[in-house]
Protein chains: 2
Amino acid sequence: MKRNVLIIGAGGVAQVVAHKCAQANDRLGDLHIASRTLAKCEAVIASVHEKKSMKVQGRFDAHAVNAMDSAEVAALIRKTGAQIVINVGSSFVNMSVLEACIETGTAYMDTAIHEDPKKICETPPWYGNYEWQRRDRCKAAGVTAILGIGFDPGVVNAWARLAEDEYFDTITSIDIVDINAGSHGKYFATNFDPEINFREFTGTVYSWQKGAWAENRMFEVGQTWTLPVVGDQKAYLTGHDEVHSLSARYPHADVRFWMGFGDHYINVFTVLKNLGLLSEKPVKTAEGLEVVPLKLVKAVLPDPASLAPTYTGKTCIGDVIRGVKDGKEAEVLIYNVADHAEAYAEVGSQGISYTAGVPPVAAALLVADGTWDVGHMANVEELDPKPFITLLNDMGLPTRIKDAAGDRLVSF
Amino acid sequence: MKRNVLIIGAGGVAQVVAHKCAQANDRLGDLHIASRTLAKCEAVIASVHEKKSMKVQGRFDAHAVNAMDSAEVAALIRKTGAQIVINVGSSFVNMSVLEACIETGTAYMDTAIHEDPKKICETPPWYGNYEWQRRDRCKAAGVTAILGIGFDPGVVNAWARLAEDEYFDTITSIDIVDINAGSHGKYFATNFDPEINFREFTGTVYSWQKGAWAENRMFEVGQTWTLPVVGDQKAYLTGHDEVHSLSARYPHADVRFWMGFGDHYINVFTVLKNLGLLSEKPVKTAEGLEVVPLKLVKAVLPDPASLAPTYTGKTCIGDVIRGVKDGKEAEVLIYNVADHAEAYAEVGSQGISYTAGVPPVAAALLVADGTWDVGHMANVEELDPKPFITLLNDMGLPTRIKDAAGDRLVSF
């Protein structure tokens with residue numbers, strides 16, 4: 001039994017995490033949110049109260065923290081009495097926050113792989129460069145650290161494990177397809193922090209095929225997928241976190257990630273990339289000012305959180321899994337459809353933030369009641385997926401399956 | 001008789017000016033070049049010596065100067081004994097350099113209208129905001145100041161005056177068409193300082209039509225022009241310096257400027273503009289750094305001077321002038337074709353810089369021998385065009401005319 005949650009970060013995903021934690025504060029206890037900017041944390045808490053999201057009366061406090069400083073994070077953990085940290089800050093702070101959790105014996109979870117601001121797309125598997133190097137220390141300290149527990153990575157990993165447990169004797173391929181068929185109405189915007197968003201697409205695209213890492217360029221390999229609700233959608237082979245852990249558990253399967261992009265997105269991205277404006281390396285202006293181009297691009301683009309009020313349409317994220325069951329080849333699509341406007345009505349965020357922010361709260365509930373409080377570091381596919389999927393069905397992210405037997409809710 | 005030339009600026013156009021001055025140093029006397037960065041001036045002079053451009057043995061010295069500081073420029077004028085200043089620095093320095101010339105009684109010429117770095121596309125006529133406010137002082141001091149004596153503005157203004165003097169009783173329209181049919185082989189580059197280049201296209205497009213200023217957006221009005229050598233070329237109504245002086249001399253004529261753009265240029269420009277990356281107003285990054293987006297875009301784009309060695313193809317710039325002669329409607333095209341590779345072979349610059357840099361040297365020769373040393377401020381169309389065109393015919397920029405009588409060199 002663990003109680004009291006500290007949320008790190010105050011962006012669009014943190015907003016969802018805050019609302020969902022509040023809706024379950026009878027089981028999670030005291031709530032805290034901390035980021036570099038206190039006012040952003042206070043705004044999140046104000047939104048929670050405005051929507052009357054707190055299930056029972058309780059504490060929800062805002063804090064300023066430099067999450068790159070693990071001593072500062074550890075001090076905040078001790079001060080707040082948090083036993084669970086949900087890290088939805090920038091990917092740059094994972095290692096310092098994890099360190100603080102190891103030091104203080106606190107359960108940790110995040111939704112993306114740690115990144116070094118100065119590097120892009122390091123050697124695969126990416127988890128091996130940072131998080132997995134702390135496996136032994138987590139185990140020694142008995143610290144539960146759940147890596148990548150957003151939607152993708154996160155729910156899509158749990159689905160792969162579900163397929164392994166329930167639907168296949170052998171899995172031959174896992175294709176994760178992420179489609180946002182929504183519309184934000186702006187000329188151009190990213191749904192996540194533009195800096196993180198673009199960094200995903202500027203380096204080598206790693207996929208796991210035929211038992212080895214395959215390398216492609218972004219937008220080099222495209223395919224049209226036919227999905228429920230959103231229909232035919234073009235998606236491109238993209239480097240993504242979950243490929244780097246699923247390939248370790250399913251080394252004999254092909255593991256690929258596909259992200260949907262419209263022609264307009266690709267055009268804008270291509271122009272910016274070819275001009276060098278997505279570079280993480282500083283350039284010097286004629287006046288001698290050193291500027292990281294990507295940070296300026298981030299500054300001129302709309303704040304992802306600002307898209308929420310007018311966002312319409314739906315997302316569809318699914319695992320297309322092929323394999324063999326009882327000697328016969330089979331294919332299943334395990335998927336979720338989320339609606340931008342419904343997400344905004346419930347928690348004040350758009351659908352992309354919603355799909356990323358609900359799963360870590362479900363995981364926190366499973367850590368709180370002991371189900372997932374495993375006392376070591378784990379990627380999501382190493383954990384029993386059923387209680388997690390069952391919780392998500394009730395928390396706004398139902399899992400559906402489409403296979404030879406039809407299209408139906410997955411429940412146990 | 002005036003002698004000794006001080007060139008302000010050390011970019012691609014200054015490189016051409018330096019070579020052409022050197023080729024005529026028997027008539028121009030001592031040569032000096034000054035810019036913020038001494039090394040750039042020294043590189044220009046090294047190029048002049050490497051190509052043995054000095055006609056007779058003589059002085060060519062490099063100086064560092066902050067051209068925004070008119071006292072510093074005036075001190076340099078006195079120190080060098082220059083009687084002619086050719087200002088081909090950034091458009092931001094026009095007024096401070098002109099001030100220094102008025103103070104010291106030195107002839108002044110530039111190739112573009114003064115700009116305030118903080119403003120874009122001010123109220124027309126643009127000359128009225130800055131240069132023309134110094135008319136009285138130039139006259140009182142007897143200072144010759146020739147405004148906009150590059151190719152366009154510059155040669156195209158002289159052609160309009162030639163049409164007035166020789167080909168028409170009444171001019172009804174002047175369409176200046178600027179086509180670069182060359183290829184630099186880069187993904188994207190501008191042929192001039194990107195900052196100045198983009199600033200031309202981000203504001204209102206002013207043209208003079210039916211006796212009044214008409215306003216359009218960039219790329220709103222396009223038209224295909226059929227020109228000698230370069231053939232059919234799509235060009236767009238563009239705001240440009242010469243429209244702001246020619247409309248004062250020819251108020252009853254329509255005066256329009258058309259610049260050729262390929263679809264790729266327009267796409268890149270549109271993406272950058274819509275994202276706010278061409279803004280001259282600073283934005284603040286998440287880290288608190290204030291950055292002017294346009295200055296970063298300039299920093300990531302190729303240095304225009306770097307395009308020269310591999311630039312191929314030709315430019316065609318012309319005046320399409322319609323009017324009435326002896327009671328009959330008539331149309332003439334007065335034009336020049338320049339070749340990028342030939343320009344590079346002669347002076348180490350590409351064709352765009354060549355067309356802009358040769359005319360002010362022709363003008364300097366006309367000031368030196370007294371022909372154009374008028375002792376007041378003048379736009380080019382106020383000066384006798386024939387000696388200027390005659391000089392240019394011999395300096396690498398021959399003027400041709402195409403009309404009902406055929407296509408031929410213009411000579412007197």
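UniProt positions are given here in the numbering of this structure, and its annotations may be inferred rather than shown by experiment. The model described below is predicted.

**Annotated domain**

An unreviewed UniProt entry places the feature "domain: Saccharopine dehydrogenase-like C-terminal" at residues 150-396 of chain A. Within residues 150-396 of chain A, helix accounts for 35% of the chain and strand for 29%. The C-alpha atoms at the two ends of this stretch are 14 Å apart.

**Aromatic pairs**

A pair of aromatic rings is described by the distance of the centres and the angle of the planes. Searching the whole structure gives 33 aromatic pairs over all chains. Two of them are set out in the table.

| Pair | Geometry | Centre to centre | Angle between planes |
|---|---|---|---|
| Phe219(A) and Tyr236(A) | edge-to-face | 5.3 Å | 80 degrees |
| Phe198(B) and Tyr265(B) | tilted | 6.5 Å | 40 degrees |

The pair of Phe219(A) and Tyr236(A) links distant parts of the chain, with the two positions 17 residues apart in numbering. Phe219(A) lies in the loop between β9 (212-216) and β10 (222-227) of chain A, while Tyr236(A) belongs to strand β11 (residues 231-237) of chain A. Phe219(A) counts as buried because its relative accessibility is 17%, under the cut-off of 20%. Tyr236(A) has 8% relative accessibility and therefore also counts as buried.

In chain B, Phe198(B) is part of helix α8 (residues 194-202) and Tyr265(B) is part of helix α10 (residues 263-275). These two residues are 67 residues apart, and their pair links distant parts of the chain. Both Phe198(B) and Tyr265(B) are buried.

Ring pairs also join residues of chain A into a cluster: Phe188(A), Phe198(A), Phe219(A), Tyr236(A), Phe261(A), Tyr265(A) and Phe269(A).

**Charges over rings**

Lys51(A) lies over the face of Tyr344(A), at 5.9 Å from the ring centre. In chain B, the charged end of Arg135(B) is placed over the ring of Trp132(B), 4.4 Å from the centre of that ring.

**Interface of chains A and B**

Contacts between the chains involve 28 residues of chain A and 28 residues of chain B. About 2,300 Å² of area is buried between chain A and chain B, and carbon and sulfur atoms give 75% of this area. On the side of chain A, the residues that lose the most area to chain B are Tyr187(A), Leu275(A) and Leu296(A), which together make up 26% of what that side buries.

Two salt bridges are found across the interface of chain A and chain B. Lys295(A) forms a salt bridge with Glu287(B), and the closest N and O atoms of this pair are 3.0 Å apart.

Notes
Residues are numbered from 1 along each chain as its sequence is written. Chains are lettered from A and ligands numbered from 1 in the order in which they are written. This is a predicted model: local features need pLDDT of at least 70, side-chain atom pairs count only at pLDDT 80 or more; totals for chains, interfaces and linings use all residues. Side-chain values use heavy atoms; hydrogens and water are left out. Helices (H or I, at least four residues) and strands (E, at least two) are DSSP runs, numbered from the N terminus. Rings of Phe, Tyr and Trp (its six-membered ring) pair if their centres lie within 6.5 Å; planes under 30 degrees apart count as stacked, over 60 as edge-to-face and the rest as tilted. Buried means under 20% relative accessible area, exposed over 50%, partly exposed in between (1.4 Å probe, protein chains only). A charge sits over a ring if NZ of Lys or CZ of Arg is within 6 Å of the ring centre and within 35 degrees of the ring normal. Contact means heavy atoms within 4.5 Å. Buried area is the accessible area (1.4 Å probe) that two parts lose on being put together, summed over both. A salt bridge is a side-chain nitrogen of Lys or Arg within 4 Å of a carboxyl oxygen of Asp or Glu.
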